[in-house]
Amino acid sequence: MKKICVLGVTGSIGTQTVDVVKSHSDEFEIVAMSAGKNIQLLEEIMNDIQASYICVQDEEDCIYLQKKYPHQNFYFGSEGLIKIATLKEVDIVLNAIVGFAGLLPTIKAIEMKKDIALANKETLVVAGHLIMPLIKKYKVALLPVDSEHSAIFQSMNGEYHKDIQSIILTASGGSFRDKSREELENVTVEQALKHPNWSMGAKITIDSATLFNKGLEVMEARWLFDVDYDHIKVLIHPESIVHSMVEYQDTSIIAQLGTPDMRLPIQYALTYPRRQPLIGGERLSLAKVGCLHFKEPDFRRFHALELAYKAGRMGGSMPCVLNGANEQANSLFLNGRIKFLDIERLVEEAMESHVFVDNPTLEQLLDIDQWARQFVLKKVGEK
Ligand code: NAD
Ligand code: MG
């Protein structure tokens, strides 16, 4: 029995993780889980999953739940997340929290020798230089849940690292892939939230529309697979069937294909190196799909992607600035406070105003993240 702690169990990845675990209940058990503020959904999940340790974001919710369910243990806030991610009972932490909030529990879980299944890409974007040495030091596994990175991971099975020529990340292009920059001026939140291929949480859906998501994934790949930015490429692939590829020295390209279903990479991170039937999973019929399309992204059109390569290449504190400013701007757009193209403009301005720090410590990252958010809020007159 593999004992799992799911962080962010009420989210898109979290609920799909619950599905996967329920369909293989002889192999996996969720012993601990966390939710943010959606207590109603958490209680529904608690009907299905008898986790002993549960963390919520707010103290009030924690007190309410502890009274109502005296036989389970409730925690709250970031201390609570660390508590459940480091429990003796836990073998693997599946981190499906969105944003920078996922960083601290990941670090603490690694230090307690927990394997990590990582959906929370922001953790590697801002602190890959801290996380990767910890993974080595504590000899734990870091398994990607992001579909592209799972595909790359699968395409590297049994290969030598030195034989890799390049990584090719595919991108659906998001909700606005066929729109010109002029047409992007006045797009609405509702339009941005309509992703053509994937149903995901709001933040990542907006990130997919700006292409910051792909930019974050380029940085995530750099750390996960130890490949430099000149050898990480992005291809727009509207069908989202080829989930990503690896090109080798001998010109071979190995790819992983499948229908767009996040339960597959979630399950593979839990069953690796084995494979299990994906209960309810649709088989890919290439005959039905017929045609697959690929094209190189235009960096002028997808400026966010260009900014992410820039931040990644600069390294140090710059990815943290990009990430923090983007999280704040993304949220302002979602709340109708700024326009779509303001997101990348604000991120770029934050990057330009930031005083670069080489090799930042965790404490510095916490400050820099806050600085980037405040910078964006001040720029739009909300602070
Ligand atoms: P979501 O918004 O649907 O869910 C996020 C979860 O985190 C919820 O349970 C929420 O309550 C919790 N949460 C949010 N803020 C928190 C905080 N400050 N403290 C504690 N808990 C908090 O998001 P999602 O789409 O499931 O994405 C989760 C992560 O997985 C993101 O990093 C995203 O980039 C990554 N990811 C998602 C998908 C997808 O298909 N949804 C695919 C690849 C990668
Ligand atoms: Mg992805």
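The following dialogue goes through the strand sheets, the ligand contacts, a pocket and a cavity of this predicted model.

Tutor: Residues are numbered from 1 along each chain as its sequence is written, and chains are lettered from A and ligands numbered from 1 in the order in which they are written. In this predicted model local features need pLDDT of at least 70, side-chain atom pairs count only at pLDDT 80 or more, totals for chains, interfaces and linings use all residues, and side-chain values use heavy atoms, with hydrogens and water left out.

Student: What makes β1 and β2 a pair, and in which sense do they run?

Tutor: Two strands pair if DSSP finds at least two bridges between them, strands being DSSP runs of E with at least two residues and helices runs of H or I with at least four, numbered from the N terminus. Strand β1 (residues 2-7) and strand β2 (residues 28-34) are joined by six bridges in the parallel sense, and therefore they satisfy the rule of at least two. One bridge links Cys-5 to Ala-32 in β2.

Student: Which strands are the edge strands of the seven-stranded sheet, and in what order do its strands stand?

Tutor: The order is β4-β3-β2-β1-β5-β6-β7, an open sheet with parallel pairing. The edge strands are β4 (73-76) and β7 (142-144), each of which pairs on one side only. From one strand to the next the twist averages 25°, where axes are lines fitted to C-alpha atoms, for helices over the stretch in contact, and angles run from 0 to 180 degrees between N-to-C directions.

Student: Why is one side of β9 and of β11 left without a neighbour in the sheet?

Tutor: The four strands stand in the order β9-β8-β10-β11, in an open sheet with mixed pairing. Because β9 (232-236) and β11 stand at the edges with a single partner strand each, one side of each has no neighbour in the sheet. For β9, the pairing with strand β8 (residues 164-171) is parallel over five bridges, and Leu-169 has Val-234 as its bridge partner in β9.

Student: What makes the approach of Ser-12 to ligand 1 a polar contact?

Tutor: A polar contact is a pair of N or O atoms within 3.5 Å; within protein, one must be able to donate a hydrogen and the other to accept it, and residues adjacent in sequence count only if both atoms are side-chain atoms. A backbone N or O atom of Ser-12 lies 2.9 Å from an oxygen atom of ligand 1, and a backbone N or O atom of Gly-201 also lies 2.9 Å from a ligand oxygen. For Ala-119 the distance from a polar backbone atom to a ligand oxygen is 3.4 Å. These pairs therefore meet the limit of 3.5 Å.

Student: What is the volume of the largest cavity, and which residues line it?

Tutor: On a 1 Å grid over the protein atoms alone, a cavity is a set of points where a 1.4 Å probe fits but cannot get out, whereas a pocket is an open set with protein on both sides within 12 Å along at least five of seven lines, and lining residues have an atom within 4 Å of a point. The largest cavity has a volume of about 50 Å³, and its lining consists of Arg-181, Leu-184, Ala-209, Thr-210, Arg-301, Phe-340, Leu-341 and Glu-344. The largest share, three residues, comes from α16.

Student: How many residues line the second largest pocket?

Tutor: Its lining has 19 residues, with Leu-264, Gln-276, Leu-278, Glu-282 and Arg-283 nearest the centre, and α12 gives the most, four residues.

Terms used. Points joined across faces, edges and corners; volume = space filled by probe spheres on them.
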